[in-house]
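Student: Please take a close look at one part of this structure for me. I would like a connected account of how its pieces meet.

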There are 2 protein chains.
Amino acid sequence: MGITMKDIAREAGVSVATVSHVINKTKHVSAEKQRRILEVIGKLQYSPNIAAKNLKMQKTNTAGLVVSSFLDSYVTSIVNGVGNRARELGYNLLFVNTNEQQQYEEEAVRVLSSNAVDGMILSPTTSNLRYLGNFLEKQLPIVFINRYDPHFPEIPRVTADDFQAGYDAAFHLLGHGHTKIGLVLAVPNVTSTVNRIAGYKAALLEKGISFDESLLEIGYATVDGGLNAVKSLLKREPQITALFTLSDLMTIGAVKALNQLSLRCPEDIAIIGFGDFEAAAAMYPPITNVNPPHTIGQTAFDLLLNKMQNFKYTKHIQLPVSLIIRKSCGC
Amino acid sequence: MGITMKDIAREAGVSVATVSHVINKTKHVSAEKQRRILEVIGKLQYSPNIAAKNLKMQKTNTAGLVVSSFLDSYVTSIVNGVGNRARELGYNLLFVNTNEQQQYEEEAVRVLSSNAVDGMILSPTTSNLRYLGNFLEKQLPIVFINRYDPHFPEIPRVTADDFQAGYDAAFHLLGHGHTKIGLVLAVPNVTSTVNRIAGYKAALLEKGISFDESLLEIGYATVDGGLNAVKSLLKREPQITALFTLSDLMTIGAVKALNQLSLRCPEDIAIIGFGDFEAAAAMYPPITNVNPPHTIGQTAFDLLLNKMQNFKYTKHIQLPVSLIIRKSCGC
DNA sequence: TTGTAAGCGTTATCAG
DNA sequence: CTGATAACGCTTACAA
């Protein structure tokens, strides 16, 4: 079917070894043969069979990227960052979105291991990844991004400073006099969420306000999910005067909910979101957001590179967040 | 290094052929041996070497997806659709974003061919893809998505009805009495853009309004790109009373530009965008958009499946668009 | 029902 | 500087 190195060798009157050497520049070959080989390669439009190369080299030059959702701007920026860095460094990217289904995730990890990739970047669906043990034993280089499983400290990870994110949002709202701050989240059992809540809690406690679990509301990480979550939260806890929403789609949903309830933002209810999306500044009102790190994807790939070179590598990196203050918080 | 079928065979006291057969269920094996083999596989945490399998089978179960940009919601939805369908059908996805650089695109196509993928879905950077000829000769299954090169009618493609999109937007604005409609675009030499402009032109002509090229403005496909483009367009052509922006990021930029120029929307300038982003309904004003097809990604994958089964397959599919009317058009 | 062995297209060792 | 040739780990006739 395809044309192989053997064909090139025959046509150019040399051995396959020689062909391989000129292709990979792995040994010096006489100018004449080199010329002939290159010429034949061009004429026959030959390109090496990557599957064969991968088998022989025990290396694929491909990295896996497994994320848990996709439409969110934060995830998009992660994919973007990883993809750019991968291309810069000559790696291919095998991309999987698990849609928050652990079953898909396990499947993806299983497929990507066993020589499909040289390593992988994982944003897991939960923080209890018992199945991962097997793959670590196989020395599969993995790094966590955004979320992680604390049971595997030996896996390098890059995260946003989620604690700070929660703290900053709550601190800022407290500064505006809000004491009943609703918190709208999508995925509870995940380190990023847990840490943001911890930060939120810490800021409250600092002001002597005790944490009230009924101010939390779980919804789907979509616009409608945010909308519904805010509606039911506000119905249940009408004393709420501010909202912290943990994903940009939910933030948009929150704004819609307030509109539908004829509540003004920020006068009646203030909003701070996590994740800065492009439209935030052009919304009504312009949305104050906690801005996640934009370099998280690239950083993850760099960690992976280290992990692939040295399986003992085990660094944890936490990237700072910042508050982008606009109008929805009442400033 | 890794553990192979040979190890399983030895440990279970059978031949590699038998192991292969139980793994792939490709022949009946006695219950007893089957049990033993499965047990050993479990104990040693064996998983087959995919590179070897790919080489032997001349098939990778992997599809390539090459898009030209990423942060745009339309592209995101394409990636999402292709990814979901790929997973449903048991395919992996090799993902590349070319950032509108033809050089990256050529490189990506070259890498993805030569047995890295069984086929690929391509949203090209231009409509002149001479380099593609080689790969077609090699029988690499390709399908176009969103954009295409008309010189290759034998490549199946799925596109939005971009002509209709341009027509609908212009027709609607004309209905509101606008005759000077600015058109803000990012990538001129590409079928989607060209067809949208053609539709816009057709609607004008129907009303007896002649096409004025100076009403077009090119900018970067970002928020700032849209912002700058609108500012310079409005400065140059102050008689403009409506805008049609061809990407959601640019639409957001347009809204920002009007704010900065203290122009009211829709009273002073109306806006219709292409590509419906999640925040559109929560902006000020809520943005009227041409809604691109949401199934384009899945459809592309299905076309690819057909093309892989039968290289003669050459269908072109055009998916309808629809106008989502909100406030920015003056309704 | 099971095993032997050829071969997929490379790379790299080892002689010449 | 060049060429045979043995792997890499799997699938699949073909034989037993």
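**The surface near the DNA strand**

Tutor: Four helices frame this part: α2 (16–24) and α4 (50–57) of chain A, with α2 (16–24) and α4 (50–57) of chain B, each supply at least two residues of the surface near DNA strand D. The model is predicted. In total, 27 residues surround DNA strand D. His28(A), Ser30(A), Lys56(A), Met5(B) and Tyr46(B) are the closest. Sugar and phosphate make up 69% of the strand D atoms that come within 4 Å of the protein. By class, this surface has 11 nonpolar, 10 polar and six charged residues.

Now the phosphate oxygens. A polar side-chain atom of Tyr46(B) lies 2.5 Å from one in DNA strand D. For the side chain of Gln58(A), an N or O atom is 3.0 Å from a phosphate oxygen of that strand. For the side chain of His28(A), the corresponding value is 3.4 Å.

Both chains supply helices to this surface, and the chains also touch one another: 46 residues of chain A are in contact with 46 of chain B. Together they bury about 4100 Å², with 63% of it on carbon and sulfur atoms. Arg87(A), Glu278(A) and Ala282(A) supply 14% of the area that chain A buries there, more than any other three residues. The count of salt bridges between the chains is zero. Polar contacts across the interface number 13 residue pairs, both partners at pLDDT 80 or more. On the chain A side, α4, α5 (73–88), β2 (92–97), α6 (102–112) and α11 (248–260) each supply at least two residues. That side divides into 26 nonpolar, 16 polar and four charged residues. Helix α4 of chain A thus serves both surfaces.

Technical notes. Residues numbered from 1 in each chain as written. Chains lettered and ligands numbered in written order. Predicted model: local features only at pLDDT ≥ 70, side-chain atom pairs only at ≥ 80, totals over all residues. Heavy atoms only, no water. Near = heavy atom within 4 Å. Polar contact = N/O pair within 3.5 Å; in protein donor to acceptor, adjacent residues only side chain to side chain. Nonpolar A, V, L, I, M, F, W, Y, C, P; charged D, E, K, R; others polar. Contact = heavy atoms within 4.5 Å. Buried area = accessible area lost by both parts, 1.4 Å probe. Salt bridge = Lys/Arg side-chain N within 4 Å of Asp/Glu carboxyl O.
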